[in-house]
Amino acid sequence: MYIVKIEGDIDDNMLNSVYDQMKEWAENKSKEDIAVQIDSKGGYIDIAQYIGDLIYLAKEEKGANIVTFNSGDVMSAASLIYLMGDARLFDPSKGEFLIHRPVSVDVEGHTEDLLDAAVANNAVEESLIGYYQEFNGKERNEIFNRMSQEEPMTVEELKEYGFVTEIV
C-alpha cells in the first residue's frame, strides 16, 4: 500500500506535496492501493477539494482502493480529504475530528464586497452540509447545528454520522 502523507496546513504547499506524492504513485506504484495518512487542523477548503480530486483520480483511472486514517487530528478542511476513503479508520487516541462552519478570511472592502463574501461563504457552507449529508442522510439543520458547535466529535458521533468505517 502506498502512503500519501497529509501533515500540517491544507495550503498551496500541501497541494504541491500531494501532487508530487500522487505523481510518484502514478509513475512507480500504481498497482498499489493508497493509504492517506492525515494529521491536520485544516486550511483552505478549495485546496482540500483539489487534493481530494487528485486522490479520486487514482481511484477512477487506476481502480485504486483508498484508505484514510489519522495519525493526529482531522479537522476542518482535512475532513473533506479524510472522507474520500473507501475505508476510513480513526484512532481517537491519536487525535480529534472536527467539522465546523466555514470562516472567511481576508475580507475587506465596501458593503457590497462584504455582502458578496457573505454570499460566497454561505454557498460553501451549504456545499459542505450537502457533502456531509452524503454519508448519513441527516437533515440539513442537524448537520448545521453540529457544525455550529465547533467542538471535536465524539467516537459515537463519528459512527452516527457515518464519517468512519472503523474505530481502531
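This briefing covers the strands, helices, nonpolar core and a few single residues of the structure above. The model is a predicted one. Strand β1, helix α1 and strand β2 make a right-handed β-α-β unit, and β2, helix α2 and strand β3 make a right-handed β-α-β unit as well. The largest nonpolar core holds 40 residues.

**Strands and their pairing**

- Strand β1 covers residues 2–7 and strand β2 covers residues 34–40; the two run parallel and are joined by six bridges.
- Within this pairing, Ile3 of β1 has Ala35 of β2 as its bridge partner, and Ile6 is partnered by Ile38.
- Strand β2 also pairs with β3 in the parallel sense, over six bridges.
- Ile38 stands opposite Asn70 in β3, while the bridge partner of Ile38 in the pairing with β1 is Ile6.
- In a regular strand, side chains alternate between the two faces of the sheet.
- Tyr2, Val4 and Ile6 form the covered face of β1, and Ile3, Lys5 and Glu7 form the uncovered one.
- Strand β2 is mostly covered, with six of its seven residues buried.

**Helices between the strands**

- Helix α1 spans residues 12–29 and is the helix of the right-handed unit with β1 and β2.
- Helix α2 spans residues 45–62 and is the helix of the right-handed unit with β2 and β3.

**The nonpolar core**

- Ile51 and Tyr132 touch the most other members of the largest nonpolar core.
- The elements giving two or more residues to this core are β1, α1, β2, α2, β3 (66–75), α3 (78–82), α4 and α5.
- Leaving out residues up to four places away in sequence, Ile51 touches Ile6, Ile10, Met14, Leu15, Val18 and Ile81.
- Ile6, one of the residues that Ile51 touches, lies on the covered face of β1.

**Helix α4**

- Helix α4 has 23 residues, which at 1.5 Å a residue should span 33 Å; its end C-alpha atoms are 33 Å apart, so the expected and modelled spans agree.
- Its buried residues are Ala117, Glu125, Leu128, Ile129, Tyr131 and Tyr132.
- These buried residues pack against α2, α3 and α5.
- Tyr132, one of the buried residues of α4, is also one of the two core members that touch the most others.

**Single residues**

- Gln37 is placed in strand β2 and counts as buried because its relative accessibility is 12%, below the 20% cut-off.
- Apart from neighbours within four places in sequence, Gln37 is in contact with Ile3, Val4, Lys5, Ile6, Glu7, Phe69 and Ser71.
- Lys138 sits in the loop between α4 (111–133) and α5 (140–149).
- With a relative accessible area of 14%, Lys138 is buried.
- The side chain of Lys138 makes a polar contact with the side chain of Glu160, at 2.9 Å.
- Outside its neighbours within four places in sequence, Lys138 is in contact with Gln133, Ile143, Glu160 and Tyr161.
- Asp46 is found in helix α2 and is partly exposed, at 40% relative accessibility.
- Asp46 and Ile10 are 36 residues apart along the chain, and their C-alpha atoms are separated by 9.4 Å.

How values were computed
Residues numbered from 1 in each chain as written. Predicted model: local features only at pLDDT ≥ 70, side-chain atom pairs only at ≥ 80, totals over all residues. Heavy atoms only, no water. Buried < 20%, exposed > 50% of the residue type's maximum accessible area, 1.4 Å probe, protein only. Helix = DSSP H or I, 4+ residues; strand = E, 2+ residues; numbered from the N terminus. Pairing = 2+ DSSP bridges. Right-handed = clockwise from strand over helix to strand, strands pointing away. Polar contact = N/O pair within 3.5 Å; in protein donor to acceptor, adjacent residues only side chain to side chain. Contact = heavy atoms within 4.5 Å. Core = buried A, V, L, I, M, F, W, Y, C linked by side-chain atoms within 4.5 Å. Expected span 1.5 Å × (residues − 1).
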